[in-house]
Amino acid sequence: MRDKISRRRLLTGAAALAGGGMLFGCAPGASRSTAELSYWHLMTGGDGIVMAGLVDAVNAANLGFQATQTVLAWGAPYYTKLAMASAGGRAPDVAIMHASRIAGYAPGGLLEPWDLDLLEEVGLRESDFPPLVWQKGMYDGKLYSIALDSHPFVLYYNTEHATKAGVTDALHSMKSPEAFTEVATKLQKVTGKHGLSYGYLGDGSQMWRLFYTFYRQLGAEMKLVPGQQAQVDEAAGVKALTFVQSLLDDKIASKAGDGGTATSEFLHGESGMFFGGVWELPVLKAAKMPVDALPIPPLFGTQAAYADSHTFVLPRQSKVSPERRKHVYTMVAEILKRSVKWADGGGHIPAYQPVVKSAEYQALKPQSNYAEIPAYVNYDPDVWFSGAGSDFQNYFAENVQNVYLGSGDPAAGFEGFVKRLNVLLDRPQPV
């Protein structure tokens, strides 16, 4: 798929992106009677290339519509523009939204629910999706998002280093913090530098992903209800932070590494394991390094993993064309049915289970090795100020970065984060 979409085409319109958008996907020679669908998303880089290929394939099927993609800058700029377009009723026909952002958009009327009967007409049913992934798209009894994928935080490892250290079997059977530390220590003796690569410095998202994985593995909940105090498990929070701090000792892992440094270190064989998102896989595979991946082991008794999902949503429009709306349902269904390409090119786990169960997906390695994660996936707590591209994870970083650096007290760091949450919970939802 990458070979069919040129770099020139991906970069065309870069100036437009700076001013608001980059357009793709309007096939040449399309009939004037063909419905034109506007599709907004925030996929750039390798993901953008794969998504463009998926949309081109659907457009080429001549299903009565042509989808035109508008690619906007990732994060707050994207979500701000989407909210403004929805509030003004001038939104696109369909858009991508992280599942973690639904709680901030559905209550304010910025999204329209999906019609389950129309979904069934195009072959999409609740039973085709993992229960936790489907449920994340629900609000007030209605479905507001349809997941394209799950993209969790996982554990990569260098297979050659693991063999040399004699820890290959142990990597798949670790069930305690002590077992993980033992494996990391053996790998460090092989690499001569670090047993584990994990970059977090200046990146609240990276700090949160690992912390929340271990927090949930401890069986702890985090319920954030506006107008109420945060419901958290302080003991679990402190225990998770203490364990992360113990790993960052400049032997098991760098005490002060950022994301780029950690990736580079792992790529160059200077560590045996690497905590990272599945979106890191294309870079690792392109380097042709001996790598495998698996879910982060249940070190604290409960299988749990932090993740988010790219989902399709229907932004609110002042006037809805029933014809175009039906075409949107078809477009989403056709992309989902082709999402093995999304897994192959981006490392993500398809949400549409017929694809996951297919021989083509099962043959993808190491992608299919972590396909179980959606069964126990953990998203950000449902609240208006959480989610991808929000400041929620930055508030976490403000309070715990010193803990990760080794100079802060885990109890004080967690307490500071909870106090910040309580300030936000005391404010009314702005949308």
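Start by selecting Ala-67: this residue is buried, with a relative accessible area of 1%, and you will find it in strand 3. Keep in mind as you click around that you are looking at a predicted model. For a sense of scale, add Leu-405 to the selection. The two residues are 338 apart along the chain, and their C-alpha atoms are separated by 47 Å.

**Around strand 3**

Now show strand 2, residues 35-41, together with strand 3, residues 65-71. The two run in the parallel sense and are paired over seven bridges. Which residue of strand 3 is the bridge partner of Leu-37? It is Ala-67, the residue you began with. Colour strand 2 by accessibility and you will see a mostly covered element, with five of its seven residues buried.

Strand 2 has another parallel neighbour. Select strand 4, residues 94-98, which pairs with strand 2 over two bridges. Here Trp-40 is the residue to look at, since Ala-95 of strand 4 stands opposite Trp-40. While the side chains are on display, recall that in a regular strand they alternate between the two faces of the sheet.

**Over the helix**

Next, bring in helix 3, residues 45-60. With strand 2 before and strand 3 after, helix 3 completes a β-α-β unit, and the unit is right-handed. Try a distance check from end to end: at 1.5 Å a residue, the 16 residues of helix 3 should span 22 Å, and the end C-alpha atoms are 23 Å apart, so expectation and model agree.

Which residues of helix 3 are buried? The list runs Asp-47, Gly-48, Ile-49, Val-50, Met-51, Ala-52, Gly-53, Leu-54, Val-55, Val-58 and Asn-59. Step just past the helix to Asn-62, where phi is positive, near 55°.

**A residue that touches helix 3**

Stay with Leu-54, Val-55 and Val-58 and select Ile-335, which is in contact with these three and also with Leu-148 and Phe-312, leaving aside neighbours within four places in sequence. Ile-335 sits in helix 15, residues 322-337. Is Ile-335 buried or exposed? Its relative accessibility is 0%, so Ile-335 counts as buried. For contrast in distance, pick Gln-245: 90 residues separate Gln-245 from Ile-335 in sequence, and 42 Å separate their C-alpha atoms in space.

**A loop with a cis bond**

Move on to the loop between helix 18 (359-362) and strand 16 (377-378), and select Gln-367. Although this is a loop residue, Gln-367 counts as buried because its relative accessibility is 0%. Show what surrounds Gln-367: not counting residues up to four places away in sequence, the side of the loop here touches Leu-281, Lys-285, Ala-343, Asp-344, Gly-347 and Tyr-361 through Gln-367. Zoom in on Ala-343, whose backbone oxygen lies 3.2 Å from a polar atom of the Gln-367 side chain.

Pro-366 is in this loop too. Look at the peptide bond from Lys-365 to Pro-366: it is cis, with omega near 10°. Most peptide bonds are trans, and most residues other than glycine have a negative phi.

**Two exposed loop residues**

With that in mind, select Asp-140, which has a positive phi of about 55° although it is not a glycine. Asp-140 lies in the loop between strand 6 (138-139) and strand 7 (142-143), and at 68% relative accessibility it counts as exposed.

Then jump to Lys-288, another non-glycine residue with a positive phi of about 55°. Lys-288 is found in the loop between helix 14 (281-286) and strand 12, and its 74% relative accessibility makes it exposed.

**Strand 12 and beyond**

From Lys-288, go on to strand 12, residues 291-295: five of its five residues are buried, so strand 12 is largely enclosed by the rest of the structure. Add strand 9, residues 149-158, which pairs with strand 12 in the antiparallel sense over five bridges. One bridge to highlight links Leu-155 to Leu-294 in strand 12.

**Zoom out**

Finally, show the protein chain as a cartoon, with its 20 helices and 16 strands. Its radius of gyration is 22 Å, close to the 22 Å that the globule rule gives for 431 residues, so the chain is as compact as a globular protein of that length. Buried residues account for 56% of the 431.

How values were computed. Residues are numbered from 1 along each chain as its sequence is written. This is a predicted model: local features need pLDDT of at least 70, side-chain atom pairs count only at pLDDT 80 or more; totals for chains, interfaces and linings use all residues. Side-chain values use heavy atoms; hydrogens and water are left out. Buried means under 20% relative accessible area, exposed over 50%, partly exposed in between (1.4 Å probe, protein chains only). Helices (H or I, at least four residues) and strands (E, at least two) are DSSP runs, numbered from the N terminus. Two strands pair if DSSP finds at least two bridges between them. A crossover is right-handed if, with the strands pointing away from the viewer, the path from the first strand over the helix to the second runs clockwise. The expected span of a helix is 1.5 Å times one less than its number of residues. Contact means heavy atoms within 4.5 Å. A polar contact is a pair of N or O atoms within 3.5 Å; within protein, one must be able to donate a hydrogen and the other to accept it, and residues adjacent in sequence count only if both atoms are side-chain atoms. The radius of gyration is taken over C-alpha atoms; the globule rule is 2.2 Å times the number of residues to the power 0.38.
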